[in-house]
Amino acid sequence: MTIHALIDRLIAREGGYVDHPADRGDATSWGITTAVARANGWQGAIRDLPRARAAEIYERVYWRGPGFDRIATRAPVLAGELFDTGVNMGTATAIGFLQRALNALNRGQADYPDLAADGAVGARTLAALDAFLARRGKAGEAVLVKAIDALQGERYVALAERRPANEAFLYGWLAGRVS
């Protein structure tokens, strides 16, 4: 799936303008928060953010910026999952989930050295991913996606446990974000 198809699917799920009273992230348009829109040069009302501008922000900030485009050349399904997780939880969190999963799956460092879970896609993370995929193949990509989903789901439940207002979102998070 191309980044444009991923963005289209994401925007379809996020919808247009939303201002839920329990959402600490403030109002959104196409899933883009006011703060993110402002940080990317939008000066108008968030409800007026054009869909095309939101798509450009998604591609630049949440796809190319964290390096998910580099992961997509190796493992496109994994990159799509990281993109979606990164939009909802932050790209550093998504990458940290990948790094933790790679560390737990490296058979005691027999396949590649442990990574610092620093939330950045760098040469060591890409080398570990390459080594993992060389050993495990396409089935390995599916396992990494499951690991990301498991970590994401656990975080959503913990968020709802810590802040009861987040219970308003838990069902949707689990239904729409964790596959």
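Biologist: Which elements each supply at least two residues to the lining of the largest pocket?

Modeller: In this predicted model, they are helix 1, strand 3 (32-33), helix 3 (51-64), helix 5, helix 7 (123-162) and helix 8 (167-177).

Biologist: And which of them has the largest share of that lining?

Modeller: Helix 8 does, with six residues.

Biologist: What volume does the largest pocket have?

Modeller: The volume comes to about 940 Å³. The lining counts 31 residues, and the closest to the centre of the pocket are Glu14, Asp23, Asn88, Trp173 and Arg177.

Biologist: How does that lining divide into nonpolar, polar and charged?

Modeller: There are 13 nonpolar residues, 11 polar ones and seven charged ones.

Biologist: Trp173 caught my eye. What kind of pair do Tyr156 and Trp173 make?

Modeller: A stacked one, because the ring centres of Tyr156 and Trp173 are 4.8 Å apart and the planes are at 20 degrees. Tyr156 belongs to helix 7 and Trp173 to helix 8, so this pair ties together parts that are 17 residues apart in sequence.

Biologist: Are those two buried or exposed?

Modeller: Tyr156 and Trp173 are both buried.

Biologist: While we're on rings, how many aromatic pairs are there?

Modeller: The count comes to five aromatic pairs. One of them is Tyr58 with Phe83, which is edge-to-face, with 6.3 Å centre to centre and 75 degrees between the planes.

Biologist: Where do Tyr58 and Phe83 lie?

Modeller: Tyr58 is in helix 3 and Phe83 is in helix 5, so their pair ties together parts that are 25 residues apart in sequence. Both Tyr58 and Phe83 are buried, too.

Biologist: Which residues do the ring pairs link into a cluster?

Modeller: Tyr58 and Phe83 again, along with Tyr62 and Trp63.

Biologist: What lies over the face of Tyr17?

Modeller: That would be Arg47, at 3.9 Å from the ring centre of Tyr17.

Biologist: Back to the open spaces. What can you tell me about the second largest pocket?

Modeller: Its volume is about 240 Å³. Among the 14 residues that line the second largest pocket, Leu6, Arg9, Val77, Gly80 and Glu81 are the closest to its centre.

Biologist: Which helices each supply at least two residues there?

Modeller: Helix 1, helix 5 and helix 8 do for the second largest pocket. The largest share of that lining comes from helix 5, with five residues.

Biologist: And by class?

Modeller: The lining of the second largest pocket has six nonpolar residues, three polar and five charged.

Biologist: Let's talk about Arg9. Where does Arg9 lie, and is it buried, partly exposed or exposed?

Modeller: Arg9 sits in helix 1. Its relative accessible area is 49%, which means that Arg9 is partly exposed, since exposed needs over 50%.

Biologist: How far apart are the C-alpha atoms of Arg9 and Arg100?

Modeller: They are separated by 27 Å, and along the chain Arg9 and Arg100 are 91 residues apart.

Biologist: Now the closed spaces. How many cavities of 30 Å³ or more are there?

Modeller: The count is one cavity of 30 Å³ or more. About 40 Å³ of space lies in the largest cavity.

Biologist: Which residues line the largest cavity?

Modeller: Leu6, Arg9, Leu10, Arg13, Gly80, Phe83 and Asp84 line the largest cavity. Arg9 is also one of the residues closest to the centre of the second largest pocket, and Phe83 is the partner of Tyr58 in the edge-to-face pair.

Biologist: Which helices supply that lining, then?

Modeller: Helix 1 (3-14) and helix 5 (76-89) each give at least two residues to the lining of the largest cavity. Helix 1 gives the most, with four residues.

Biologist: How do those residues divide by class?

Modeller: Three are nonpolar, one is polar and three are charged.

Biologist: Let's zoom out. How many helices and strands are in the protein chain?

Modeller: Eight helices and three strands. Along the sequence, the pattern reads α-β-β-β-α-α-α-α-α-α-α.

Biologist: What about the radius of gyration?

Modeller: The protein chain has 17 Å, and a compact globule with 179 residues would be near 16 Å, so the two agree. The C-alpha atoms fill a box of roughly 50 × 35 × 25 Å along the principal axes.

Biologist: Last one: what percentage of the residues count as buried?

Modeller: Of the 179 residues of the protein chain, 46% are buried.

Definitions and conventions:
Residues numbered from 1 in each chain as written. Predicted model: local features only at pLDDT ≥ 70, side-chain atom pairs only at ≥ 80, totals over all residues. Heavy atoms only, no water. 1 Å grid on protein atoms, 1.4 Å probe; cavity = no way out; pocket = protein on both sides within 12 Å on 5 of 7 lines; lining within 4 Å. Points joined across faces, edges and corners; volume = space filled by probe spheres on them. Nonpolar A, V, L, I, M, F, W, Y, C, P; charged D, E, K, R; others polar. Buried < 20%, exposed > 50% of the residue type's maximum accessible area, 1.4 Å probe, protein only. Phe/Tyr/Trp six-rings, centres within 6.5 Å; stacked < 30°, edge-to-face > 60°. Lys NZ or Arg CZ within 6 Å of the ring centre and 35° of its normal. Rg over C-alpha atoms; globule rule 2.2 N^0.38 Å.
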